[in-house]
Amino acid sequence: MHDGEVIDITKILNDYSTDIQEALQAEAIATAKEAVAELKNTSPKRTGKYRKGWRVQTTKSRYEIECEIYNENAGLTVLLEKPHHDRT
């Protein structure tokens with residue numbers, strides 16, 4: 001402590017923790033967006049509908065983040081992910 005200053009180590013650590021969490025969340029979002037871009041570039045493009053359907057949905061809370069990558073034209077996606085399901 002210098003000149004009557006009180007160093008609040010708890011506040012410093014909380015601020016640092018918050019900064020790290022925000023950086024990790026930003027990186028997760030950026031990675032998910034890169035994955036969507038890659039999927040759009042590598043998906044079949046007969047009509048373009050499937051290729052253009054890739055999206056990312058992000059759910060954030062204070063301590064965690066969830067990025068779900070999906071295709072809004074889910075009919076084919078379901079068949080690709082679960083080929084054993086009967087489509088009748």
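1. Let's start on the surface. In this predicted model, I7, I9, I12 and L13 come together as a nonpolar patch, and their accessible area adds up to about 400 Å². One of these residues, I12, belongs to helix α1. Is I12 buried, exposed or partly exposed? With a relative accessibility of 44%, I12 is partly exposed. A residue needs over 30% relative accessible area to join a patch, so I12, at 44%, passes that cut-off.

2. Now step back to the whole chain. What is the order of helices and strands along the sequence? The protein chain follows the pattern α-α-β-β-α, which amounts to three helices and two strands. When you look at the structure above, try tracing that order from the start of the chain to its end.

3. Some overall numbers help to set the scene. The protein chain has 88 residues, and 12% of them are buried. Its accessible surface is about 7,500 Å², with 54% of that surface belonging to carbon and sulfur atoms. Among contacts with a separation of 6 or more, 33% are between residues 24 or more positions apart. Keep these values in mind as you read the points on single residues.

4. The two strands deserve a close look. Strands β1 and β2 run antiparallel and are joined by seven bridges. The connection between β1 and β2 is a hairpin of four residues. You can pick out facing residues by eye: V56 stands opposite I69 in β2, and T59 stands opposite E66 in β2.

5. Q57 is a good residue for exploring this strand pair. Q57 sits in strand β1 and is partly exposed, its relative accessibility being 42%. Which residues does Q57 touch once its neighbours within four places in sequence are left aside? The contacts of Q57 are E66, C67, E68 and Y70. For C67, the C-alpha atom is 5.7 Å from that of Q57, although the two residues are ten apart along the chain.

6. Next, turn to V36, which is part of helix α1. V36 has a relative accessible area of 9% and is therefore buried, since the cut-off for that word is under 20%. Setting aside neighbours within four places in sequence, V36 is in contact with W54, R55, V56 and I69. Two of these names have already appeared together, as V56 stands opposite I69. The C-alpha atoms of V36 and N71 are 9.4 Å apart, while the residues are separated by 35 positions along the chain.

7. How many salt bridges does the model have? The count is two. As background, side chains of opposite charge can pair when their charged atoms come close. In one of the salt bridges, K11 meets D15, with 2.8 Å from N to O. Why are K11 and D15 about one helical turn apart? They are four residues apart in helix α1, which covers residues 9-42, so about one turn of that helix separates them. K11 is partly exposed at 48% relative accessible area, and D15 is also partly exposed, at 38%.

8. The other salt bridge pairs R55 with E72, and their closest N and O atoms are 3.1 Å apart. This pair links distant parts of the chain, with R55 in strand β1 (residues 54-60) and E72 in the loop between β2 (65-71) and α3 (74-81), a separation of 17 residues. R55 has 29% relative accessibility and counts as partly exposed. E72 is partly exposed as well, with a value of 47%. R55 also appeared above as one of the contacts of V36.

9. Finally, look for aromatic rings. The model has one aromatic pair. The rings of Y50 and W54 have centres 5.6 Å apart and planes at 70°, so they form an edge-to-face pair. The reasoning is simple to follow: planes over 60 degrees apart count as edge-to-face, and the planes here are at 70°. Are Y50 and W54 buried or exposed? Y50 is buried, with 14% relative accessible area, and W54 is buried too, at 9%. W54 is also among the contacts of V36, a residue of helix α1.

Terms used. Residues are numbered from 1 along each chain as its sequence is written. This is a predicted model: local features need pLDDT of at least 70, side-chain atom pairs count only at pLDDT 80 or more; totals for chains, interfaces and linings use all residues. Side-chain values use heavy atoms; hydrogens and water are left out. A salt bridge is a side-chain nitrogen of Lys or Arg within 4 Å of a carboxyl oxygen of Asp or Glu. Buried means under 20% relative accessible area, exposed over 50%, partly exposed in between (1.4 Å probe, protein chains only). Patches are made of residues with over 30% relative accessible area and no salt bridge: like charges are joined within 9 Å, nonpolar side chains (Val, Leu, Ile, Met, Phe, Trp, Tyr) within 5 Å. Accessible areas come from the Shrake-Rupley method with a 1.4 Å probe; for residues, only the protein chains shown count as cover. Two strands pair if DSSP finds at least two bridges between them. Contact means heavy atoms within 4.5 Å. Rings of Phe, Tyr and Trp (its six-membered ring) pair if their centres lie within 6.5 Å; planes under 30 degrees apart count as stacked, over 60 as edge-to-face and the rest as tilted.
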